[in-house]
Amino acid sequence: QLQLVESGGGLVQPGGSLRLSCAASGVTLAYYAVGWFRQAPGKEREGVSCISSRAGLTDYANSVKGRFTISRDNAENTVYLQMNSLKPEDTAVYYCAALFTTNQAMCTMRVRAMESWGKGTLVTVSS
């Protein structure tokens, strides 16, 4: 059974950077599309970015385009989210989630489409 563990969250000043990691165990991530999601206090969980299993397809929410970069290392069974130029409104618990798919060129940021979830890591952007 796929298990996901996020790490890399913390407190950072506005304009700073963080890199989140999503480490998988139990099965290989190579057959899964993976997404990063976030949930701020009092708000619904929203998609931030996603990456396909093998074809390198990526997608981003408009709010993070040009600032965040998603990548994956299938050999390390890990997906990353590099976050630059962080803003206070990026403060949230960040989750990674995975969807098994035979389509190597698809990914999705739809919360309800994802099958497996990590427990999240808190990112706080504040001076």
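The legends below describe close-up views of a predicted model.

**View 1. The disulfide between Cys22 and Cys96 links two strands.**
A disulfide is a covalent bond between the sulfur atoms of two cysteines. In this view, the sulfur atoms of Cys22 and Cys96 are 2.1 Å apart, and the two residues form a disulfide. Cys22 belongs to strand S3 (residues 18-25) and Cys96 to strand S9 (residues 92-100), so the bond ties together parts that are 74 residues apart in sequence. The torsion about the S-S bond is about 65°, and the disulfide of Cys22 and Cys96 is therefore right-handed. Both cysteines of this pair are buried.

**View 2. The disulfide between Cys50 and Cys107 links a strand to a loop.**
Here Cys50 is joined to Cys107, with an S to S distance of 2.1 Å. Cys50 lies in strand S5 (residues 46-51), whereas Cys107 lies in the loop between S9 and strand S10 (116-117), so this pair ties together parts that are 57 residues apart in sequence. The link of Cys50 and Cys107 is right-handed, with 50° about the S-S bond. Cys50 is buried, as is Cys107. The count for the model comes to 2 disulfides. When the bonded cysteines are counted along the chain, the disulfides follow the pattern 1-3, 2-4.

**View 3. Strand S4 is joined by bridges to S9 and to S5.**
Strand S4 spans residues 32-39 and is mostly covered, with 7 of its 8 residues buried. S4 and S9 run antiparallel and are joined by 8 bridges. Within this pairing, Val34 has Ala98 of S9 as its bridge partner. S4 and S5 also run antiparallel, and 5 bridges join them. In S5, Gly35 has Cys50 as its bridge partner; Cys50 is also the residue that forms a disulfide with Cys107. In a regular strand, the side chains alternate between the two faces of the sheet.

**View 4. The hairpin of S4 and S5 contains Gly42 with a positive phi.**
The hairpin has 6 residues between its strands. The phi of Gly42 is near 80°. One of the strands of this hairpin, S5, comprises residues 46-51 and includes Cys50.

**View 5. The largest pocket is lined by 13 residues.**
The volume of the largest pocket is about 160 Å³. Among its lining residues, Arg38, Ala40, Lys43, Glu46 and Glu89 lie nearest the centre of the pocket. What classes of residue make up the lining of the largest pocket? The lining has 8 charged, 3 polar and 2 nonpolar residues.

Notes: Residues numbered from 1 in each chain as written. Predicted model: local features only at pLDDT ≥ 70, side-chain atom pairs only at ≥ 80, totals over all residues. Heavy atoms only, no water. Disulfide = S-S within 2.5 Å. Helix = DSSP H or I, 4+ residues; strand = E, 2+ residues; numbered from the N terminus. Buried < 20%, exposed > 50% of the residue type's maximum accessible area, 1.4 Å probe, protein only. 1 Å grid on protein atoms, 1.4 Å probe; cavity = no way out; pocket = protein on both sides within 12 Å on 5 of 7 lines; lining within 4 Å. Points joined across faces, edges and corners; volume = space filled by probe spheres on them. Nonpolar A, V, L, I, M, F, W, Y, C, P; charged D, E, K, R; others polar. Pairing = 2+ DSSP bridges.
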